[in-house]
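Student: I am new to this structure. Please give me a close look at the part where the chain starts, and then show me what surrounds it.

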Amino acid sequence: MSILSGRNLHKRYDQLHVLKGVDIEVERGEIVAIAGKSGAGKSTLLHILGTLDPPDEGEVIIAGTRVRDLGTRSLAHFRNARIGFVFQFHHLLNEFTALENVCIPAMIRGERKAKAQVRASDLLSYLGLRDRLDHKPAELSGGEQQRVAVARALMNQPDLILADEPTGNLDTENSEEIHALFVQLRDDFGQTFIIVTHNEQLADMSDRKLVMQDGVFIDT
């Protein structure tokens, strides 16, 4: 059963036609990698699938909801509840601890602080950071910071996690650990991932690899 459908997606910026009728279907519990050279349209597609940017044509359906039917406020609530994001740069808040950073999506959702802290602690412990709960980002390694970002993405138990070059800022060892972590999350929890990556190893570990070129998929 598809958790996400993107149909005939187009995106233009001035005279530049970035996406040219992209179709994509992702099944629940699947890891899909989107590969291709810089400028192919990968990140633009990910932003549209993540409801951060609307397509000029086409539609996105996530967990049975047609995104274009949602108003601005409803869309923000939907995104917070249904989609987790992991970026190349972790975007953690430096003044907050690892635990506090992971709690943020739940607090935005209106969850009680005590309940959010219990889940955040469980997630960080699962990800091997039990002893880092009270550490701020500057006190963590690059790999640990990215694990905190993954925990934050998981906080609201989303239907879908979108990752944009999640290992692009990590060394080989930490990259391999993040690769293995995504597979573990898929196996343990049935988590669904769409990953934009230049890393061939990560792409090859995925269930499917889609290659973009000039705004379309050329290899599925």
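Tutor: The answer below goes from the whole model to the start of the chain, and then outward.

This is a predicted model, in which local features need pLDDT of at least 70, side-chain atom pairs count only at pLDDT 80 or more, and totals for chains, interfaces and linings use all residues. Residues are numbered from 1 along each chain as its sequence is written, and side-chain values use heavy atoms, with hydrogens and water left out.

Start with confidence. The mean pLDDT of the protein is 89, and 97% of the residues score at least 70. That score is the predictor's confidence in each residue, from 0 to 100. Among the elements, S4 has the highest mean, 95, and H7 the lowest, 79. Where pLDDT is low, the predicted coordinates should not be read in detail.

Now the overall frame. The protein has seven helices and ten strands. Both are DSSP runs numbered from the N terminus: helices are H or I with at least four residues, strands are E with at least two. The C-alpha atoms fill a box of roughly 50 × 40 × 35 Å along the principal axes. The radius of gyration is 17 Å, which agrees with the value near 17 Å for a compact globule of 220 residues. That radius is taken over C-alpha atoms, and the globule rule is 2.2 Å times the number of residues to the power 0.38. Of the 220 residues, 50% are buried. Buried means under 20% relative accessible area, exposed means over 50%, and partly exposed lies in between (1.4 Å probe, protein chains only).

Next, the start of the chain. Strand S1 covers residues 2–13, and strand S2 covers residues 16–27. The two run antiparallel and are joined by nine bridges. Strands count as paired if DSSP finds at least two bridges between them. Gly 6 has Ile 24 in S2 as its bridge partner. Together, S1 and S2 make a hairpin with two residues between them. In that turn, Asp 14 has a positive phi of about 55°.

S1 has another partner. Strand S4 (residues 57–62) pairs with S1 over five bridges, in the antiparallel sense. Here Leu 4 stands opposite Ile 62.

A side-chain link also starts on S1. Lys 11 and Asp 56 meet in a salt bridge, 3.8 Å from N to O. Lys 11 lies in S1 and Asp 56 in the loop between helix H1 (42–49) and S4, so the pair ties together parts that are 45 residues apart in sequence. Lys 11 is buried, at 7% relative accessible area. Asp 56 is partly exposed, at 42%. A salt bridge here is a side-chain nitrogen of Lys or Arg within 4 Å of a carboxyl oxygen of Asp or Glu. The whole structure holds 15 of them.

Some salt bridges join into a network. Its members are Arg 7, Glu 59, Arg 66, Arg 68 and Asp 69. Within it, the closest N and O atoms of Asp 69 and Arg 66 are 3.9 Å apart. Asp 69 is exposed, with a relative accessible area of 56%. Arg 66 is partly exposed, with 32%.

Now move further along the chain. Arg 186 and Asp 207 form a salt bridge whose closest N and O atoms are 2.8 Å apart. Arg 186 lies in helix H6 (residues 172–189) and Asp 207 in the loop between helix H7 (200–205) and strand S9 (208–213), so this pair ties together parts that are 21 residues apart in sequence. Arg 186 counts as buried at 17%, whereas Asp 207 is partly exposed at 39%.

Two more residues complete the tour. Arg 147 sits in helix H5 (residues 142–154). Arg 147 is buried, at 17% relative accessible area. Beyond its neighbours within four places in sequence, Arg 147 is in contact with Leu 127, Leu 129, Glu 177, Ile 178 and Leu 181. Contact means heavy atoms within 4.5 Å. Gln 201 is in helix H7 and is partly exposed, at 38%. With the same neighbours set aside, Gln 201 is in contact with Glu 176 and His 179.

To close, return to the start: S1 pairs with S2 over nine bridges and with S4 over five, and Lys 11 adds its salt bridge to Asp 56.
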